[in-house]
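Subject: Two-chain model for you to look at

Hi,

Here is the structure I promised to pass on. Have a look at it first, and my notes follow below.

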Amino acid sequence: MFLTKRALIGAAAAGIMAASTAAYAQQRTNIEVWIGLTGPAQEEMIKYGQEFNASQTKYNVNVTFRGQYPEQRAAAFAAFRAGNPPHVMQMFDAGTGDMFGLPRATVPVSEVFQRAGLQFDPAQFLGPARGYYSRPDGTLNSMPYNVSTAVLFYNKDIFRKAGLDPNKAPATWPEMIDAAKKIRATNAAECGFSTTWLAWIMLEQFSALHDLPMSTEGNGRGGLNAVLNFNDAPRAKMVQTLIDMSRDKSFQYGGRSNDANALFVAGTCGMLLQSSGGHAGIARDLKAEFGVGFLPHWPDLTTSPKNGIVGGASLWVFNAPNRSAEEFRGVAEFLAFMSRTEMLVRFAKATGFLPATNAAFAAMQAEGFFTQNAGRDVPILQLTRGTPTPNSSGYRFGRWTEIRDMYHEEVEKALQGQQTAQVALDNAVRRGNEALRQFERTATAAQ
Amino acid sequence: MERKVVFPGMLLPYALLAPQILIILVFFYVPAGQALWMSTLLQDPLGLSVQFVGLENFQTVLSDPAYRQTIARTMFFSVAVTVCAMVPAVLLALMADRVVRGAMPYKTILIIPYAIAPAVAGALWLFLFNPSVGVVSYYMGRLGLDWNPKIDGSHAMWLIIIASAWKQIAYNFVFFLAGLQSIPKSLIEAAQIDGASPRRRFWTIIFPLLSPTTFFLIVVNFVYAFFETFGVIHAATQGGPGKSTEIMIYKVWYDGFIAQDLGRSAAQSVILMAIVVALTVVQFRFVERKVHY
């Protein structure tokens, strides 16, 4: 009897202890963060989540990879429909317009910080990134995180073989065409140049650089009724240039997304238009010396090209009926932690993405990072040059992921010789506008 | 004098059937019903607004010339995959059937590809045929063939046909081999004595006796080409270049998951279901008549 009693007391004590440990764990509010990045960037973000947890006792952030951007988005949207979305979601650039068109689903990050009573200044972010993710009134809808832009990479060994100056990147399209033709004429490489992310570089970056609108209504900022109109002479000329150059392989199409990168690192192509985020991979895989230059422009269209636009992704805060004020506070604390200068510098160094804030860029400059890593500052200088115009501050189009692919499909058909550049752009615009009207109909009903 | 086994009461037979019925309900009828319901709705990507639009999604999809091209492309692809997967399988089975010594290793080697996931098969063939690093494209280049599935639609189409068929050859091989082994040797020997050539023996004896197997495999391969080749296409071409390798199942996925247009995607899956049901009915009604069991 005595024994059982003691055993009982022991069990009870153990139970109380277990309960209090549980209570201690429960005191921490859980914050779910879904990301869509792979490789070193994914490892870094997961690590930062753990460091945030170690730095305080009130919140437990759980950073998880839920498939690459499109899969992650599909999963997050499905969770939203089921009433339990993640607190924070990483959304790639092209998905931004969908989120802007459906404002009820999210809480602007400016407001998240305001509700939590935390200091937050949208002006700390690089201009084009701020423009890309903020409302006309300056409210930042999502927090820029992994920022990139497109630049020119060129193989210096191939340049030398072709008799070109390896210390001078082609700055304009005529120079670019000339260099590519020389590479082919001297047989310094199998192909002159290639490009990754076709729509992002040849349509979006191109339009921003040359200060050309992609649609009416200020690239969609003025309303959901924007009508695409990028099927004009300058952009058709760009596509026609690619078609003409592919005849003698001074240009070679390398496939969608990042596929063409393989052509450059294998030494098949002398030049590559690529996301700045590809820098580390090229440095690792290319067995030759390479240089980095600005995206080329057409001097007959502009003599002072504008800033390029941002790519990458931003962090969005979902709204849901079951969210407590405490959870939003935790989200604000986490986002503040992630946007600290030293955290952004670490992220930029480890991944090759750009530092998202001016302060982080300045800090990297001050410690001499860019003198030690030549070419890493080119994307930032390109992003921050000149004064951004409405045409170089991004766009607000719903279903842009799909419209990008329409552009890919139509230009691919033109490259196969099935249609002219003008017809390709006419078709992309017509199909894109159908998708925009469909989105307008559903988004208007959702407001 | 026929004796029937009759269960006492109604409860037991229903209870015994229940698990199977439940599985079919949960995994077939409920999703199919949901697809049917969703195909009549217009929604935004996040589901904040849901409007009933009747048959509008079907009208949009079917009046799109690009979708009609996708249907035609899917038919071509399915026929090509079925032919490319069955002809080599018959030939291999005929050879393997004649091997006396060491038959097992041969058979095992021929069956292995079936165990490979479609996405892996796609990646494998993509790698072999990659224009910049692929072994096959290297030798094709040396022969003077400019192989580039990244930009040439018909190259891309043949790439996914070969990758899809290759995987299925192993499956067909198993069935053909079993079919061949069930053909009585006496029939073939009798024909041999009568002086029939190997070709004649194949067309007049072996092929007719294989027809139930062949018919079964045609149906299975067709359904495979329609539904299970998604992994191959996703890994190898993502439907491109242009739309040249986008088959119906790929478009269902794309419109649903990438474009986040659930209504249109659901309408397409209903159309796809209807086409496959119709094809199977046609195959059973017209082709099966010619089958000798």
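Let me start with a question: what covers the buried residues of α5(B)? The cover includes α6 (135-142), α7 (153-181), α9 (198-228) and α10 (230-236) of chain B, going by contacts, for which two residues need C-beta atoms, placed from the backbone, that lie within 7 Å.

Some housekeeping before the rest. This is a predicted model, in which local features need pLDDT of at least 70 and side-chain atom pairs count only at pLDDT 80 or more, while totals for chains, interfaces and linings use all residues. Residues are numbered from 1 along each chain as its sequence is written, and chains are lettered from A and ligands numbered from 1 in the order in which they are written. Helices (H or I, at least four residues) and strands (E, at least two) are DSSP runs numbered from the N terminus.

Chain B

Chain B has twelve helices and two strands. Along the sequence the pattern opens with α-β-β and then continues with helices. Its C-alpha atoms fill a box of roughly 75 × 75 × 30 Å along the principal axes. Of the 293 residues in chain B, 33% are buried; a residue is buried if 20 or more other C-beta atoms lie within 10 Å of its own, exposed if 12 or fewer, and partly exposed in between, with C-beta atoms placed from the backbone. Among the contacts in chain B with a separation of 6 or more, 70% come from residues 24 or more positions apart.

Back to α5(B), which spans residues 118-129. This helix has twelve residues and reaches 16 Å from its first C-alpha to its last, close to the 16 Å expected at 1.5 Å a residue (the expected span is 1.5 Å times one less than the number of residues). Its buried residues are Pro118(B), Ala121(B), Gly122(B), Trp125(B) and Phe129(B). They sit on the same side of α5(B) because they cover an arc of only 100° around the axis; the arc is that of the directions from the helix axis to the C-beta atoms.

The loop between α10 and α11 (248-258) of chain B holds Pro241(B), and Gln238(B) lies in that loop too. The peptide bond from Gly240(B) to Pro241(B) is cis, with omega near -5°. Gln238(B) has a positive phi of about 55° although it is not a glycine. Gln238(B) counts as buried because 20 other C-beta atoms lie within 10 Å. As background, most residues other than glycine have a negative phi, and most peptide bonds are trans.

Chain A

A similar backbone check picks out Asn219(A), which is not a glycine but has a positive phi of about 55°. Asn219(A) is in helix α10 (residues 216-219) of chain A, and with 23 C-beta neighbours inside 10 Å it is buried.

Strand β1 (residues 29-35) of chain A has five of its seven residues buried, so it is largely enclosed by the rest of the structure. β1(A) pairs in the parallel sense with β2 (residues 59-65) of chain A over seven bridges (two strands pair if DSSP finds at least two bridges between them). In that pairing, Thr29(A) stands opposite Tyr59(A).

β1 also helps to pack α3(A): the buried residues of this helix pack against β1, β3 (88-92) and β10 (311-318) of chain A. Those buried residues are Tyr69(A), Gln72(A), Arg73(A), Ala76(A), Phe77(A) and Phe80(A). They lie on the same side of α3(A) because their arc around the axis is only 130°. Just after α3(A), Gly83(A) takes a positive phi of about 90°.

There is also an open sheet of four strands in chain A, in the order β7-β8-β6-β9 with mixed pairing. Its edge strands, β7 (191-195) and β9 (290-293), each pair on one side only. β6 (residues 150-155) and β8 (residues 269-275) of chain A pair in the antiparallel sense over five bridges, and Ala150(A) stands opposite Ser275(A).

Where the chains meet

How many residues does the contact take from each chain? It takes 31 residues from chain A and 24 residues from chain B. On the side of chain A, the elements that give two or more residues are α3 (69-81), α12 (261-265), α19 (400-415) and α20 (421-446). α19(A) gives the most, with seven residues.

Best wishes
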